[in-house]
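I opened this notebook to record what I looked up in one structure, entry by entry. The sequence and the coordinates come before my notes.

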Amino acid sequence: MRATPLPLFWRLPWLNPLNDVTGWNNLLHTINSTWSLTEVRARVVLRVQECRDMVSLYLKPNRLFKSFKAGQYLSLTLPSNGVLTTRNFSISNAPNRKGLIRLTLRVKADGRVTPLASALKKGDTVRLSQAGGDFSATDPSRGKLLLAAGSGITPMMAMLQHWASQTDRPDVVLLYSARTAEQAAFRDELQTLVHRWPELRVHTHLSAAEGRLSAEALAQKVPDYAARETLLCGPESFMENFAEHYRQQGLEAHLKQEHFQARKTAVQPNAEHFLVFNAEGQSAFSARQGQNLLEAAESDGLTPTHGCRRGICMSCQCKKLSGVVINQLTQTASDAGEAWIQLCVSTPASDLHLEI
Ligand code: FES
């Protein structure tokens, strides 16, 4: 594939000093902490305590952030003990006119990122990825059941906000399990939603008092659940139980799941070569330790779209489906899940699956 004229312009050797992206980013950062040529950065505009252990951050991203759909997630990067650490969080609001992103996180006292994130205050700046994921309802012929536990409520809130803003709303039941009433998030917001949208049914299950949410309790609270398209999100054991129940009932075709735990990918710090697979799982090319993915793909005869080869033009952006890469400009390691990466400045730290 041929490079475009503008990116070729950037490759002229006498423009090298102008191509120092890190230098430009540092300069821009000193003028305005959200300005960047290459990074999605966002300013915290509001912090809200949603319940005893969950906090929402309202973020205003810079112009590099593209957009998102209700149900998607993104990665938040923060410095933790001198190292940049990245975690994925579901976006808990629907796209809105103000362009704000709301991330709601459960604060784990022993976590590496959530205590730092929850301590952010108005005016602080964070780094974000583009939004990713395809957790959404797809069957317009069926009513919806949103089955959530703990912080699994977050993508559901985005979908509820999205549907509430439409004139043709689907038939929706939310069944939300929290340990106690103090740990049930968005109680006021859900009340407001029901006020605006009286057909919406919301059941809150308090597991400390009522026991773990079981298939029997589901059948009792939502007798027509089998006829609904179900979106499931919560802790792994909660999801496994209901996924197994749906399998046993032959209902798996009507179940969509969002796993918070990133697909586990072994980071191999001493490996000399890494394998890169395409979306179908076929081996596409291999990359040496420290080699950028664009160069590695070209060495194996592939021709990915590219331009500047310096992390500026974004022509080489590609969706990583799983695996860990290091951004050579920022020396940040990615999460193991889905993210948009630039092939020309990304080097693998594990085997990868890319949408190529
Ligand atoms: S080729 Fe320009 S950003 Fe990668």
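How many bridges join strand β1 to β2, and do they run parallel or antiparallel? I find 8 bridges between strand β1 (residues 40–51) and β2, and the two strands run antiparallel. Before going further I note that this is a predicted model, so I kept its confidence values at hand and return to them in the last entry.

**Entry: the hairpin and its other neighbour**

I looked at how β1 leads into β2 and noted that they form a hairpin with 2 residues between them. For a residue pair to anchor the register, I took Val44, whose bridge partner in β2 is Leu59. I then turned to strand β5 (residues 101–106), which 6 bridges join to β2, again in the antiparallel sense; here Leu57 stands opposite Leu103 in β5. With β1 and β5 both listed as partners of β2, I checked the cover of strand β2 (residues 54–61) itself and found it mostly covered, 7 of its 8 residues being buried.

**Entry: strand β7**

I next asked how far strand β7 (residues 144–149) is enclosed by the rest of the structure. It is largely enclosed, because 6 of its 6 residues are buried, each under 20% relative accessible area. I went through the two faces separately: Lys144, Leu146 and Ala148 are buried on one side, and Leu145, Leu147 and Ala149 are buried on the other, which leaves both faces of β7 covered. I note that a lysine, Lys144, is among these buried residues.

For its pairing, I recorded that β7 runs parallel to strand β10 (residues 229–233) over 5 bridges, with Leu146 standing opposite Leu231 in β10. β7 also pairs in the parallel sense with strand β8 (residues 172–178), over 6 bridges, and there the bridge partner of Leu147 is Leu175. I followed the chain from β7 through helix α4 (residues 153–164) to β8, and this β-α-β crossover is right-handed.

**Entry: helix α4 and Thr154**

Having met α4 in the crossover, I looked at its length and cover. The helix has 12 residues and reaches 16 Å from its first C-alpha to its last, close to the 16 Å expected at 1.5 Å a residue. It is mostly covered, with 10 of its 12 residues buried; among them I list Ile153, Pro155, Met156, Met157, Met159, Leu160 and Trp163.

I singled out Thr154, which lies in helix α4, and asked whether this residue is buried or exposed. Thr154 has a relative accessible area of 1%, so it is buried. I also looked up its separation from Phe186, 32 residues away along the chain, and found their C-alpha atoms 9.3 Å apart.

**Entry: a loop residue, Leu251**

I moved to the loop between α8 (236–248) and β11 (255–258), where Leu251 is found. Its relative accessibility is 11%, so Leu251 counts as buried. Setting aside residues up to four places away in sequence, I find Leu251 touching Tyr225, Ala226 and Tyr246. The C-alpha atoms of Leu251 and Ala227, which are 24 residues apart along the chain, are separated by 9.0 Å.

**Entry: a three-stranded sheet**

I then traced an open sheet of 3 strands with the order β16-β15-β18 and antiparallel pairing. Its edge strands are β16 (332–333) and β18 (346–348), each pairing on one side only. I counted 3 bridges between strand β15 (residues 325–327) and β18, and in β18 the bridge partner of Val325 is Pro348.

**Entry: the chain as a whole, and how far to trust it**

Stepping back, I recorded 9 helices and 19 strands for the protein chain, and noted that buried residues make up 49% of its 356 residues. Among contacts between residues at least 6 apart in sequence, 65% join residues at least 24 apart. The chain exposes about 17,400 Å², of which carbon and sulfur atoms supply 53%.

Finally I returned to the confidence values: the mean pLDDT is 87, and 89% of the residues reach 70 or more. Over residues 1–5, however, pLDDT stays under 50, and the model has 6 contacts beyond four places in sequence for that stretch. Where pLDDT is low, the predicted coordinates should not be read in detail.

Notes
Residues numbered from 1 in each chain as written. Predicted model: local features only at pLDDT ≥ 70, side-chain atom pairs only at ≥ 80, totals over all residues. Heavy atoms only, no water. Buried < 20%, exposed > 50% of the residue type's maximum accessible area, 1.4 Å probe, protein only. Helix = DSSP H or I, 4+ residues; strand = E, 2+ residues; numbered from the N terminus. Pairing = 2+ DSSP bridges. Right-handed = clockwise from strand over helix to strand, strands pointing away. Expected span 1.5 Å × (residues − 1). Contact = heavy atoms within 4.5 Å. Areas by Shrake-Rupley, 256 points an atom, 1.4 Å probe, with all protein chains shown as cover. pLDDT = per-residue confidence, 0-100.
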